[in-house]
Amino acid sequence: MSSVLVVGYDPQAIPGVDGPALHAALDAELVRFGEHGIDAAMTLIVFDESADPTLVTSLSERPWDVVVIGGGIRKAEELLPLFEQIVNLVRRHAPQAAIAFNTSGGDSVEAAQRWL
């Protein structure tokens with residue numbers, strides 16, 4: 001079974017966003033992975049000192065086939081340093097994994113499937 005790690009920005013850390021609703025949508029996307037026969041996990045991070053250790057722990061859990069980096073991290077200009085940090089951590093701690101990008105939390109399955 002293929003394995004995918006989805007990395008996203010923690011919706012609880014985004015001011016003005018309905019964190020529980022967004023988290024529910026992300027959980028629904030994990031269910032969709034299962035419906036496609038893909039074993040998936042999600043790591044939600046914030047742009048602080050916890051980002052590196054949180055992501056390294058997730059990347060080191062197992063050999064991932066694909067790491068999907070969420071649009072919430074890539075699209076916000078102020079998160080560019082976090083995006084670069086994530087890409088480099090993936091290269092270092094999961095070099096065998098393809099890196100994919102979704103456009104929203106609802107198309108992570110399709111992003112991963114491009115590389116599986």
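In the predicted model, strands β1 and β2 run parallel and are joined by 8 bridges, and within this pairing Val-6 stands opposite Met-42 of β2. Together with helix α1, the two strands make a right-handed β-α-β unit.

Helix α1 comprises 17 residues, from 19 to 35, and reaches 25 Å from its first C-alpha to its last, which is close to the 24 Å expected at 1.5 Å a residue. Four residues of this helix, Gly-19, Leu-26, Glu-29 and Phe-33, are buried. Viewed down the axis of α1, these buried residues fall within an arc of 80°, and they therefore line one face of the helix. An α-helix has 3.6 residues a turn, so residues three or four places apart point the same way. The cover over the buried residues of α1 includes the two strands β1 (2-9) and β2 (38-45), as well as helix α5 (108-113). By contrast, the face turned away from the buried side of α1 carries Pro-20 and Glu-35, both exposed. The helix is followed by Gly-37, a residue whose phi is positive, near 70°.

Two loop residues were examined further. Asn-102 lies in the loop between β4 (98-101) and α5, and because its relative accessibility is 4%, under the 20% limit, Asn-102 counts as buried. The side chain of Asn-102 is joined to that of Ser-108 by a polar contact of 2.8 Å. When neighbours within four places in sequence are left aside, the residues in contact with Asn-102 are Val-68, Ile-69, Gly-70, Gly-71 and Arg-74, together with Asp-107, Ser-108 and Ala-111.

Asp-65 lies in the loop between α2 (51-60) and β3 (66-69). With a relative accessibility of 34%, which falls between the limits of 20% and 50%, Asp-65 counts as partly exposed. A polar atom of the Asp-65 side chain lies 2.8 Å from the backbone nitrogen of Ser-3, and Ser-3 is also one of the residues in contact with Asp-65 once neighbours within four places in sequence are left aside, the others being Met-1, Ser-2, Gln-96, Ala-97, Ala-98 and Leu-116. Of these, Ala-98 is 33 residues from Asp-65 along the chain, yet the C-alpha atoms of the two residues are separated by 6.3 Å.

Technical notes. Residues are numbered from 1 along each chain as its sequence is written. Side-chain values use heavy atoms; hydrogens and water are left out. The expected span of a helix is 1.5 Å times one less than its number of residues. Buried means under 20% relative accessible area, exposed over 50%, partly exposed in between (1.4 Å probe, protein chains only). The arc is that of the directions from the helix axis to the C-beta atoms. Contact means heavy atoms within 4.5 Å. Two strands pair if DSSP finds at least two bridges between them. A crossover is right-handed if, with the strands pointing away from the viewer, the path from the first strand over the helix to the second runs clockwise. A polar contact is a pair of N or O atoms within 3.5 Å; within protein, one must be able to donate a hydrogen and the other to accept it, and residues adjacent in sequence count only if both atoms are side-chain atoms.
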